[in-house]
Amino acid sequence: MIQRRNLITDVPGLRIGNAQDSALGSGVTVALFDEPAVASAFVMGGAPATRETDLLDPDKMAPGIHGVVLSGGSAFGLDAASGVQAYLREQGIGFAVRDALVPLVPQACIFDLINGGNKDWGRYPPYRELGYEAACQAGLNFELGTSGGGYGATTANFKGGLGSASAVTSAGHTIGALVVVNSIASAVIGAGPHFWAGALEEGDEFGGYGHPERVDGEHRRLIWKGGPQPATTIALVATDAVLTKAQAKRLAIASHAGLARALRFSHALFDGDTIFTAATGRRPLQDEAAEFTELTALAADALTRAIARGIYEATALPYPDAQPAWRDKFSRA
């Protein structure tokens with residue numbers, strides 16, 4: 001029996017790499033696929049920073065993609081995909097157009113430009129090189145919390161970060177989520193320590209606090225970063241199922257329920273909330289309607305859990321007046 005890591009890499013056919021710069025206060029997370037993956041995406045935030053999302057629509061001809069990038073840097077961070085393309089091209093990987101190879105690498109970015117790091121990078125931002133480094137580091141095990149694309153992430157009250165979780169359907173399909181939590185709002189109920197995701201927690205993957213006995217009006221009081229400060233939760237949901245591009249699109253749409261359950265609130269005007277989906281095609285659907293429906297439900301659950309894990313695993317940035325981490329206040333360790 002294969003031991004689950006409770007990471008997106010429980011889905012066979014993909015690897016994850018992280019790179020970050022502590023002085024910059026930002027980083028990059030890369031997913032690389034062993035074979036081109038059927039993929040799609042759905043953007044529900046009002047302020048996205050994305051690259052190559054149009055080719056993921058079911059009516060577009062691209063049959064599969066080679067990687068996905070989740071990065072810091074806002075629009076400047078979109079350079080990261082160029083570094084990943086460079087790495088893949090060196091490996092002879094890409095979409096063949098006669099003698100040319102074009103690696104297809106969609107990307108989404110979070111806004112982490114005012115988190116205390118030094119963003120005075122000169123003429124060109126450093127994300128291309130961070131993307132290349134992250135691709136070189138890709139493997140089955142990777143760090144969560146203040147790592148990769150989650151390095152500079154923040155939320156309304158606690159340090160954001162990189163989270164991941166996985167699940168297995170009753171038919172045996174694996175589903176996994178990878179998320180950079182940079183929410184404009186909060187992942188915890190009231191002042192904490194309970195997570196909005198607490199009802200879906202497996203074991204003590206984000207502290208074991210569960211839900212409070214009662215959630216009253218004070219717990220539901222809205223808190224957010226305030227003002228025109230963009231904030232984004234970006235994610236990749238992957239499965240080993242054989243899916244069509246249209247099914248991958250539906251999976252992306254359904255997965256946004258995970259954001260709505262884990263955060264109070266999401267999909268706002270200054271959010272860039274974006275979810276990519278990818279199918280590595282290792283396990284066909286037998287009872288297609290029933291199995292796909294369960295897949296969409298567990299995808300949203302895995303993303304809900306991954307968001308809480310991203311906050312739970314995060315540590316504060318090494319700057320004066322940096323946003324505190326959840327574990328600074330509530331960790332039982």
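Start by selecting strand β4 in this predicted model, where seven of the seven residues are buried, so that the strand is largely enclosed by the rest of the structure. Keep β4 (65–71) highlighted and add β2 (26–43), because the two strands pair in the antiparallel sense over six bridges. To see one of these bridges, pick L32, whose partner in β4 is G67. Now add β7 (107–109), and you will find that β4 and β7 pair in the parallel sense over three bridges. Here the residue to click is V69, which has Q107 of β7 as its bridge partner. While you look along these strands, it helps to recall that in a regular strand the side chains alternate between the two faces of the sheet.

With the strands still shown, select helix α1, residues 80–90. Which residues of this helix are buried? They are A80, A81, G83, V84, Q85, Y87 and L88. As you rotate the view, keep in mind that an α-helix has 3.6 residues a turn, so residues three or four places apart point the same way. The elements that cover the buried residues of α1 include the strands β2, β3, β4 and β7, together with helix α2 (127–136). Just past the helix, select G92, which follows α1 and has a positive phi, near 75°.

The next stop is E52, in the loop between β3 and β4. Its phi is near 60°, a positive value in a residue other than glycine, and this deserves a pause, since most residues other than glycine have a negative phi. E52 is partly exposed, with a relative accessible area of 34%.

Move on to strand β8, residues 161–168, where seven of the eight residues are buried, so that this strand, too, is largely enclosed by the rest of the structure. Add strand β9, residues 174–182, which pairs with β8 in the antiparallel sense over eight bridges. A167 is a good residue to click, for it stands opposite I175 in β9. The two strands form a hairpin with five residues between them, and in the turn you can select G172, which has a positive phi of about 95°.

From β9, follow the chain into the loop between β9 and β10 (232–241), where P193 lies. Zoom in on the peptide bond from G192 to P193, which is cis, with omega near 10°.

Now select L144, in the loop between α2 and β8. Is this residue buried or exposed? At 14% relative accessibility, L144 counts as buried, because the cut-off for burial is under 20%. Leaving aside its neighbours within four places in sequence, L144 is in contact with L7, L162, G163, S164, R309 and E313. Show the C-alpha atom of I311 as well: it is separated from that of L144 by 9.3 Å, although the two residues are 167 residues apart along the chain.

Turn next to T277, which has its place in strand β11, residues 274–283. T277 is buried, with a relative accessible area of 1%. Its side chain reaches the backbone oxygen of A248 at 2.7 Å. Beyond its neighbours within four places in sequence, T277 is in contact with V38, A39, S40, A41, L236, V237, A248, K249, L251 and A252.

One of those contacts, L251, also belongs to the next pair of elements, for it is among the α3 residues that touch α4. Select helix α3, residues 245–262, and helix α4, residues 288–312, which pack at an angle of about 40°, with their axes 7 Å apart. The crossing of α3 and α4 is right-handed. On the α3 side the contact includes R250, A254 and G258, while the α4 side includes F292, L295 and I307. Taken together, the residues of this contact divide into twelve nonpolar, five polar and four charged.

The tour ends in the loop between α4 and α5 (326–330), where P318 has its place. At 58% relative accessibility, P318 counts as exposed. A line drawn between the C-alpha atoms of P318 and S40, which are 278 residues apart along the chain, spans 36 Å. In the loop between α4 and α5, select D321 as well, which has a positive phi of about 60° although it is not a glycine. D321 is exposed, with a relative accessible area of 81%.

How values were computed: Residues numbered from 1 in each chain as written. Predicted model: local features only at pLDDT ≥ 70, side-chain atom pairs only at ≥ 80, totals over all residues. Heavy atoms only, no water. Axes fitted to C-alpha atoms, helices over the stretch in contact; angles between N-to-C directions. Helix = DSSP H or I, 4+ residues; strand = E, 2+ residues; numbered from the N terminus. Left-handed = near helix turned anticlockwise from the far one by under 90°. Contact = heavy atoms within 4.5 Å. Nonpolar A, V, L, I, M, F, W, Y, C, P; charged D, E, K, R; others polar. Buried < 20%, exposed > 50% of the residue type's maximum accessible area, 1.4 Å probe, protein only. Polar contact = N/O pair within 3.5 Å; in protein donor to acceptor, adjacent residues only side chain to side chain. Pairing = 2+ DSSP bridges.
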